[in-house]
Amino acid sequence: MVYEYVLAGVLVSLLGSVFFVIINNTLSENKRDVAIVSENGVCLAPEIEKSTDVVIVGAGVAGAALAYTLGKEGRRVHVIERDLSEPDRIVGELLQPGGYLKLIELGLEDCANESIDAQKVFGYALYKNGNDTKLSYPLETYSSDIAGRSFHNGRFIQRMRERAATLSNVKLEQGTVTTLIEEKGTIKGVMYKNKAGEEMRTYAPLTIVCDGCFSNLRRSISTPNIENPSCFVGLILENCELPHANHGHVILGDPSPILFYPISSTEVRCLVDVPGTKVPSVANGEMAHYLKTVVAPQVPHQLLKAFLAAVDKGIIRTMQNKSMPAAPQPTPGAILLGDAFNMRHPLTGGGMTVALSDIVLLRDLLRPLSDFNDAPALCDYLESFYTLRKPVSSTINTLAGALYKVFCASPDPARQEMREACFDYLSLGGICSNGPISLLSGLKPCPIILFLHFFAVAIYGVGRLMFPFPTPKRMWLGARLILSASGIIFPIIKAEGVRQMFFPTTMPAYYKVPPVHRRIKTSTKHVF
């Protein structure tokens, strides 16, 4: 009997020891897994991994509009913006009618209305050597609300941020993103410093970088070639009326264009273009002297008094203008958008139209997908984005670059003739003005129409030289004019991509289909 009790005790002890070892090993493995997560940051706990679908870096025009758009689609969005206070910029203040139509498609048109004192814009007025011509947008077939909009950039952005923040599945956080988190060639999320200065990480299957023209992340996922053609000097004119109400005004000045457009019911923005990367010093008074002696004599007399008063007030801002063709480097888990991705000279005010058009396109491409977890498949599918965006983006980009070069003064007689021909061609009216202004407005973007109008201007210039009769000198100047026009537009077209720009349907990426054809509907009531 005693032997049986001893044997039973030994068996129970052995079974207990085995059970203890199993439990202990299991707990140890769990602790070790947690340690790896916290130290290496390679993966996150399941509940954190599933909390975000998209990380958006930047909440400017592109980032804020994208956050609201994807949030409405039911995506769980985490937006990280360096500074959530109202921006104060001198560009991004004029939205073309084509861009306003995209804003309507996104449901954000109320962000550019009377609530921010936005002004309707119906076209442009061009000035040259005391002559002027008015170019109105072809809006006859649209409702009365469709027009361009001009406003304070910061007010517009804040309204879009507020709209995005109303969605429970969109989280806006102030922080500075320092790097993209990469694992085996795939972007998994971002590392950033929050408002308190703490190092943080956030993970999502898709990271969209929209951190603007000074992006410190674009080189990780693209091969940018940035040019700095000029600087803008910004002033605000108060309590004055433009010669042509509700129109942008472009003075073909020397050495380069001067812009005026309303940004509120009482304010007019003046942007003076200064070629190159250096501008006269504001601090020591050189800038004020330059504005009074070089620029003021070229300002329309209706605006001169207000212009000089703005100079005397001393609130003068400067900004480097940048141009950068889109040069994507497809990377699983991440894409670029907005000025971080593609820039053009701001003369034509086309940047926001391109960004909003890109957002509409990206939304439509992502809509069929239930999730973004298959990063390689998503990356392959989104190659179509870079081709499908070309009709709009390449038209606006090429027009901006070409017009800036044509509108700048030049000692070259051929360039001078091209400038004169452009002003006179646009002054002819009819198709000669409606065609180019349709392109500029973003209402009818078409690269081939842009190409034809550009060389129509050059041929018109040659025709003027041949009248009343050609001479060898005029014929030589005409040949140089054609060569000058070619030298302006062909490098821009080459940078945009000839095949993508004019023959996008020949690109294999044009025909990409979603990796998942059926989307599981998701609710917009996710809470972080």
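## The largest cavity

Which element gives the largest share of the lining of the largest cavity? In this predicted model, that element is H12, which supplies five residues. The cavity in question is one of four in the structure with 30 Å³ or more, and about 350 Å³ of space lies inside it. A general reminder helps here: rolling a probe the size of a water molecule over the atoms shows where empty space is left.

In total, 23 residues line the largest cavity. If you want to centre your view on it, look for Leu 399, Leu 403, Phe 407, Leu 426 and Pro 436, the lining residues nearest its centre. Two or more lining residues come from each of strand S5 (123-128), helix H12 (390-407), helix H13 (413-427), helix H14 (431-441) and H15.

## Helix H15 and its surface patch

H15 spans residues 447-466 and includes Ile 449. Together with Ile 448 and Leu 452, Ile 449 makes a nonpolar surface patch of about 260 Å². Is Ile 449 buried, exposed or partly exposed? Its relative accessibility is 36%, so Ile 449 counts as partly exposed. As a general point about spacing, an α-helix has 3.6 residues a turn, so residues three or four places apart point the same way.

Beyond H15, the loop that leads to helix H16 (472-496) holds Pro 468. A cis peptide bond joins Phe 467 to Pro 468, with omega at about 0 degrees.

## How helix H4 packs

Now turn to helix H4, residues 97-105, where the buried residues are Pro 97, Gly 98, Gly 99, Tyr 100 and Leu 103. What do these buried residues pack against? Their partners are strands S3 (94-95) and S7 (148-150), along with helices H5 (153-165), H9 (351-366) and H14. H14 thus appears in two places, since it also gives residues to the lining of the largest cavity. After H4 comes Gly 107, with a positive phi near 75 degrees.

## A buried glutamate

Glu 81 sits in strand S2, which covers residues 77-81. With a relative accessible area of 12%, Glu 81 is under the 20% limit and therefore counts as buried.

Which residues does Glu 81 touch, leaving out those up to four places away in sequence? The contacts are Gly 58, Ala 59, Gly 60, Arg 161, Glu 173, Gln 174 and Gly 175.

## Backbone details in the loops

Some backbone angles deserve a look if you plan to check the geometry. In general, most residues other than glycine have a negative phi, and most peptide bonds are trans.

Lys 184 has a positive phi, near 55 degrees, and its place is in the loop between strand S8 (170-183) and strand S9 (186-194). Lys 184 is exposed, at 82% relative accessible area. Asn 239 also has a positive phi, near 50 degrees; this residue lies in the loop between strand S12 (227-238) and S13. Asn 239 is exposed too, with a relative accessible area of 68%.

On the other side of S13, the loop between that strand (248-251) and strand S14 (258-262) contains Pro 255. Here a cis peptide bond joins Asp 254 and Pro 255, and omega is about 15 degrees.

Methods
Residues numbered from 1 in each chain as written. Predicted model: local features only at pLDDT ≥ 70, side-chain atom pairs only at ≥ 80, totals over all residues. Heavy atoms only, no water. Patch = residues over 30% accessible without salt bridge, like charges linked within 9 Å, V, L, I, M, F, W, Y side chains within 5 Å. Areas by Shrake-Rupley, 256 points an atom, 1.4 Å probe, with all protein chains shown as cover. Salt bridge = Lys/Arg side-chain N within 4 Å of Asp/Glu carboxyl O. Helix = DSSP H or I, 4+ residues; strand = E, 2+ residues; numbered from the N terminus. Buried < 20%, exposed > 50% of the residue type's maximum accessible area, 1.4 Å probe, protein only. Contact = heavy atoms within 4.5 Å. 1 Å grid on protein atoms, 1.4 Å probe; cavity = no way out; pocket = protein on both sides within 12 Å on 5 of 7 lines; lining within 4 Å. Points joined across faces, edges and corners; volume = space filled by probe spheres on them.
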